[in-house]
Amino acid sequence: MVIKSVNLETVCGITSTLPQNDKIEVAFAGKSNVGKSSLINALLNRKSLARVSATPGKTQTINFYNINEEMYLVDLPGYGYAKVSEQEKIQWGKLIERYLNKSQQLKAVFLLVDIRHAPSANDAMMYEWIVSQGYHPIIIATKLDKIKRSQIAKNVKILKEGLHLVPGTKVIPFSSETKQGRDEVWELIEREFLNKAEVE
Ligand code: GTP
Ligand code: MG
């Protein structure tokens, strides 16, 4: 994908009306601090367009990035952040649920999990829940630069087992630091959801 323009077009909090976009949307879900905003920056070749933080709970809204007036990348708030109150967790959960339920344009949901660790119960629940909403989530195993090359296959296997992935589900190892996996994510989006036969 050649990035010609990027615009943070819509920011939705818990009380916001969700946009009715006329271009396709691709969303990124995953627990707090897993690297959703970093991945969006990496996909867009930007350093800090999407706000990133070492402290979990950075993204607290649903952020719609308009790419080339052609599609949206959607940054979701993370789940499982211990410091957020129970009330806030419920409200963010409802916001995400409302979005996944109502969007007419959401074509793909990527679920991000940290490649270093076995998936948490929350990750497995999120996966199952996205599936129950009728999506076939694609898994992105983040922070690939933090493990040795020799550990990749084993960790991906643990991840597949821990999430009880539907057979055939794609797992893409990814690093926002080295940009490994970036081309694969774009190729998949372009091929499957933008109906482009070849990458530009
Ligand atoms: P919330 O907005 O809180 O849900 O988090 P997020 O999933 O958007 O995570 P974010 O992109 O803010 O990244 C969290 C931390 O992980 C930051 O300190 C990032 O620099 C770091 N990080 C993200 N991706 C990678 C990666 O691929 N490799 C390494 N080494 N660090 C990463
Ligand atoms: Mg974020």
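This dialogue looks at the pockets and the ligand of a predicted model.

Reader: Before turning to the ligand, I would like to know how empty space in a protein is found at all, and what volume the largest pocket has here.

Author: The general idea is that rolling a probe the size of a water molecule over the atoms shows where empty space is left. In this model, the largest pocket has a volume of about 640 Å³, and of the 31 residues that line this pocket, the closest to its centre are Gly35, Ser37, Ser38, Val52 and Ser176.

Reader: Which helix supplies the largest share of that lining, and how do the lining residues divide by class?

Author: The largest share comes from helix α1, residues 36-43, which contributes five residues to the lining of the largest pocket. Sorted by class, that lining holds six nonpolar, 15 polar and 10 charged residues.

Reader: Where does ligand 1 sit, and how many residues surround it?

Author: Ligand 1 sits in the largest pocket. There are 22 residues around ligand 1, and the closest of them are Lys36, Ser38, Gly57, Asp145 and Ser176. Ser38 and Ser176 thus appear both among the residues closest to ligand 1 and among those closest to the centre of the largest pocket. By class, the shell around ligand 1 is made up of four nonpolar, 11 polar and seven charged residues.

Reader: Which backbone atoms lie within reach of the ligand's oxygen atoms, if I take 3.5 Å as the cut-off for a polar contact?

Author: With that cut-off in mind, one can go through the backbone N or O atoms in turn. For serine 176, such an atom lies 2.8 Å from an oxygen atom of ligand 1, while for valine 34 the distance from a backbone N or O atom to a ligand oxygen is 3.3 Å, and for glycine 78 the corresponding value is 3.3 Å. As for cover, the protein hides 89% of the 650 Å² of accessible area that ligand 1 has on its own.

Reader: What volume does the second largest pocket have, and which helix gives the most to its lining?

Author: The second largest pocket has a volume of about 410 Å³, and of the 16 residues lining it, the closest to its centre are Tyr79, Lys89, Gly93, Met125 and Met126. Helices α2 (86-102) and α3 (121-132) each supply at least two residues of this lining, and α2 gives the most, with seven residues. By class, the lining of the second largest pocket comprises nine nonpolar, four polar and three charged residues.

How values were computed:
Residues numbered from 1 in each chain as written. Chains lettered and ligands numbered in written order. Predicted model: local features only at pLDDT ≥ 70, side-chain atom pairs only at ≥ 80, totals over all residues. Heavy atoms only, no water. Near = heavy atom within 4 Å. Polar contact = N/O pair within 3.5 Å; in protein donor to acceptor, adjacent residues only side chain to side chain. Areas by Shrake-Rupley, 256 points an atom, 1.4 Å probe, with all protein chains shown as cover. 1 Å grid on protein atoms, 1.4 Å probe; cavity = no way out; pocket = protein on both sides within 12 Å on 5 of 7 lines; lining within 4 Å. Sits in = over half its atoms within 2 Å of the grid points. Nonpolar A, V, L, I, M, F, W, Y, C, P; charged D, E, K, R; others polar. Points joined across faces, edges and corners; volume = space filled by probe spheres on them. Helix = DSSP H or I, 4+ residues; strand = E, 2+ residues; numbered from the N terminus.
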